[in-house]
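The exercises below deal with side-chain exposure, contacts between separated parts of a chain, and backbone angles. Try each task before reading its solution.

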Amino acid sequence: AGIRQNHYYVLTKRSDIGLRQDCAGNPDQAPSYTDSNKLPALIPKIWKTAPIILGLCGDEALTLAATQIKSTHASFLLEGKGWSSTYRSTVEQLVRNIGYRLYLKAVDYPNTVKLDNSFSIRMEWQNYGTAPVYNNLGKNLHVYFILLSRDYSNTVYSQRIESGRPTEWLPDDNLDNTPAINSLKEKIVIKSGSVSAGTYNLAVSIRNDATGQSIQLANENRINSSNIYFIGKITVTSEVTDL
């Protein structure tokens, strides 16, 4: 009881501190998330600002662990007591959506753009994971607009989208519901001299600026292992064009 009281006190004072349970799915510990003590009441608030970490508790606990992952919006799943190879597919399904899982639902952009003229790109994003992206875990994520060469081998142009904030894209409180759509709109100007006139492959990525690495998205149109995702063709011209 003292440990729970200490946890409760800290969690009511600090929004950047999460919670860890070492044996998720253990029937003996399940009441800690379902009874009337004060700690469970904080779960809906904790996961939105700090991670919840669960550890597995053997084969017999996998079914209840799946329920706890959804109810707590867990971000990490530790091996804990492990599991037998018979349940490998079950565990893989458990971890498939754990944490954030960002998905580009829709994108709208002009087929032709003119150098030195601004144009708009609009995107709709969803988070199909169990939790948001946490800045305090070293994640400094931004959306990037990318032009690739015709053979996809070279990045010709890249620009960070300032209006997109992946850390604000939360899954629904009820993970059985479709997540909210997060819309962004950005004005882009491709300067003369930065690229030559021509037709390019338009792509998008979400890059962690803290590491320079792009994260894997839930979309399927990934270009090799770079975590850059193809959107469509776009023509850049230096001629006057009606957009």
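**Exercise 1: Asp108 and Arg122**

Arg122 has a relative accessible area of 38% and therefore counts as partly exposed (buried is under 20%, exposed over 50%, partly exposed in between; 1.4 Å probe, protein chains only). The model is predicted, so local features need pLDDT of at least 70 and side-chain atom pairs pLDDT 80 or more, while totals for chains, interfaces and linings use all residues. Numbering starts from 1 along each chain as its sequence is written, and side-chain values use heavy atoms, without hydrogens or water.

Task: find the residue with which Asp108 forms a salt bridge, then state which strands the pair ties together.

Solution.
1. The test is a side-chain nitrogen of Lys or Arg within 4 Å of a carboxyl oxygen of Asp or Glu.
2. Arg122 meets the test with Asp108, since the closest N and O atoms of the two are 3.5 Å apart.
3. Asp108 belongs to strand β4 (residues 102-108) and Arg122 to strand β6, so the salt bridge ties together parts 14 residues apart in sequence. Strands (E, at least two residues) and helices (H or I, at least four) are DSSP runs numbered from the N terminus.
4. The relative accessible area of Asp108 is 43%, so Asp108 is partly exposed. Its partner Arg122 is partly exposed as well, at 38%.

**Exercise 2: Lys48 and Asp173**

Task: state how many salt bridges the structure holds, then describe the one formed by Lys48.

Solution.
1. The total is 5 salt bridges.
2. Lys48 pairs with Asp173, with an N to O distance of 3.2 Å between the side chains.
3. The two residues are 125 residues apart, so the contact links distant parts of the chain. Lys48 sits in the loop between α2 (43-46) and β2 (52-56), and Asp173 in the loop between β8 (155-161) and β9 (182-189).
4. Lys48 has 34% relative accessible area and is partly exposed. Asp173, at 53%, counts as exposed.

**Exercise 3: A network**

Task: which residues are linked with Arg160 in a network of salt bridges?

Solution.
1. Begin with Glu162, which forms a salt bridge with Arg160; their closest N and O atoms are 3.0 Å apart.
2. Add Asp209: the network links Arg160, Glu162 and Asp209.
3. For exposure, Arg160 is partly exposed at 29%. Glu162 is also partly exposed, at 36%.

**Exercise 4: Positive phi**

Task: Asp116 and Asn227 are not glycines; for each, give the value of phi and decide whether the residue is buried or partly exposed.

Solution.
1. Phi of Asp116 is positive, near 75°. Asp116 is in the loop between β5 (112-114) and β6 (118-127).
2. Asp116 has 40% relative accessibility, so it counts as partly exposed.
3. For Asn227, phi is about 60°, again a positive value. The loop that holds Asn227 runs between β12 (222-223) and β13 (228-237).
4. Asn227 has 11% relative accessibility, so it counts as buried.

**Exercise 5: A surface patch**

Task: which residues form a nonpolar patch on the surface with Phe76?

Solution.
1. Candidates need over 30% relative accessible area and no salt bridge; nonpolar side chains (Val, Leu, Ile, Met, Phe, Trp, Tyr) are joined within 5 Å, like charges within 9 Å.
2. Phe76 has 37% relative accessibility, so it counts as partly exposed. Its place is strand β3 (residues 76-78).
3. Leu78 and Leu137 complete the patch, and together the three have about 240 Å² of accessible area (Shrake-Rupley, 1.4 Å probe, with only the protein chains shown as cover).

**Exercise 6: Sequence and space**

Task: give the C-alpha separations for Asn182 with Leu104 and for Lys139 with Arg207.

Solution.
1. Asn182 and Leu104 stand 78 residues apart along the chain, and 9.6 Å separates their C-alpha atoms.
2. Asn182 lies in strand β9 and, with a relative accessible area of 17%, is buried.
3. Between Lys139 and Arg207 the C-alpha distance is 9.2 Å, for 68 residues in sequence.
4. Lys139 is in the loop between β6 and β7 (141-148). At 27%, Lys139 is partly exposed.
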